[in-house]
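Reader: I'm new to this one and a bit lost. Please pick a single part, take a close look at it, and then show me how the rest fits around it.

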Amino acid sequence: MTKELKAQVIEEIAAQIAANPDFYIADIEGLNAEKTSKLRRACFEAGVTLSVVKNTLLAHVLKGSDNDDLKSLIDTLHGNTAIMYTTVPAAPGKVIKKLQKDGFEKPVVKGAYVQGCVFIGADKLDTLASIKTKEELIGDIVALLQSPMRNILSALENKAEKAGEEPAAEVAAE
């Protein structure tokens, strides 16, 4: 590979990381053509961009980053490597979990950079697959805030109904 081509690939990887700040680094070693095709299809359906990269080129991008957390992912670069770019933080984790349930041994998460945090190791897959988006978290907070208000309104409505029923019961008794 020529220096110009390497520089171009490095720029493309850096641009993808800039455009998709959440990404996973996965081990795809040993996948045959059929399983690779299924992996690519599952990624496409989940809105995940899959790209196979050379470790040295990705390491160059990570070393050139101003972010020290990204630099900690350099240690994960060994064997065959794929980057899974995403705008939905849990999407690649869910894809990998689904494939593993279907009998796939690979891909395996080597590391991930999701919502400004670094995750290293395959044991982080469950955590990564359950990460909520910012919008989902805001929805959860709004629901939690609305819950006490609903309880108060319900209690007030019940008091008002009971207060309205008592005089009617007294009139019927007279």
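Author: Let's start with a bit of vocabulary: two strands count as paired if DSSP finds at least two bridges between them. Keep in mind, too, that this is a predicted model. With that in hand, go to strand S4 and its partner S5, residues 117–120: the two pair in the antiparallel sense, over four bridges. One of those links to look for is Ala112, whose bridge partner in S5 is Phe119. S4 and S5 form a hairpin with two residues between the strands, and there Gln115 takes a positive phi near 50°.

S4 has another partner as well. It pairs with S1, again in the antiparallel sense, this time over five bridges. Here you can pick out Ile25, which has Gly111 of S4 as its bridge partner. As for how hidden the strand is, six of the seven residues of S4 are buried, so the rest of the structure largely encloses it.

Now zoom in on Val114. Setting aside neighbours within four places in sequence, Val114 is in contact with Asp22, Phe23, Tyr24, Pro89, Phe119, Leu128 and Ile131. Val114 also turns up in the largest nonpolar core, which has 23 residues; along with Tyr24, Leu39, Cys43, Met84, Val95 and Leu128, it is among those that touch the most other members. Several elements feed this core: S1, H2 (33–46), S3 (81–86), H5 (91–101), S4 (108–114) and H6 (125–129) each give at least two residues. H5 gives the most, with four. There is also a second, separate core of 18 residues, and Tyr113 is in that one, as are Ile13, Ile17 and Val53.

Back to S1 for a moment, and to Asp27 in it; the strand covers residues 22–27. Asp27 has a relative accessibility of 16%, and since buried means under 20%, Asp27 counts as buried. Its side chain makes a polar contact with the side chain of Lys106, at 2.9 Å. A polar atom of that Asp27 side chain also lies 2.9 Å from the backbone nitrogen of Glu29. If you leave out residues up to four places away in sequence, Asp27 touches Asn80, Lys106, Pro107, Val108 and Lys110.

On the hairpin side, follow Gln115 to Thr133. Thr133 sits in the loop between H6 and H7, the helix of residues 134–173. With a relative accessible area of 14%, Thr133 is buried. Apart from neighbours within four places in sequence, it is in contact with Val88, Pro89 and Gln115.

Finally, step back to the whole chain. It has seven helices and five strands, and from the N terminus they run α-β-α-β-α-α-β-α-β-β-α-α. The radius of gyration is 26 Å, well over the 16 Å that the globule rule gives for 174 residues, so the chain is more spread out than a compact globule. The C-alpha trace spans about 100 × 40 × 25 Å along its principal axes. Of the 174 residues, 34% count as buried. The chain exposes about 10900 Å², with carbon and sulfur atoms supplying 55% of that. And of the contacts between residues at least 6 apart in sequence, 75% join residues at least 24 apart.

Methods. Residues are numbered from 1 along each chain as its sequence is written. This is a predicted model: local features need pLDDT of at least 70, side-chain atom pairs count only at pLDDT 80 or more; totals for chains, interfaces and linings use all residues. Side-chain values use heavy atoms; hydrogens and water are left out. Buried means under 20% relative accessible area, exposed over 50%, partly exposed in between (1.4 Å probe, protein chains only). A polar contact is a pair of N or O atoms within 3.5 Å; within protein, one must be able to donate a hydrogen and the other to accept it, and residues adjacent in sequence count only if both atoms are side-chain atoms. Contact means heavy atoms within 4.5 Å. A nonpolar core is a set of buried Ala, Val, Leu, Ile, Met, Phe, Trp, Tyr and Cys residues joined through side-chain atoms within 4.5 Å. The radius of gyration is taken over C-alpha atoms; the globule rule is 2.2 Å times the number of residues to the power 0.38. Accessible areas come from the Shrake-Rupley method with a 1.4 Å probe; for residues, only the protein chains shown count as cover.
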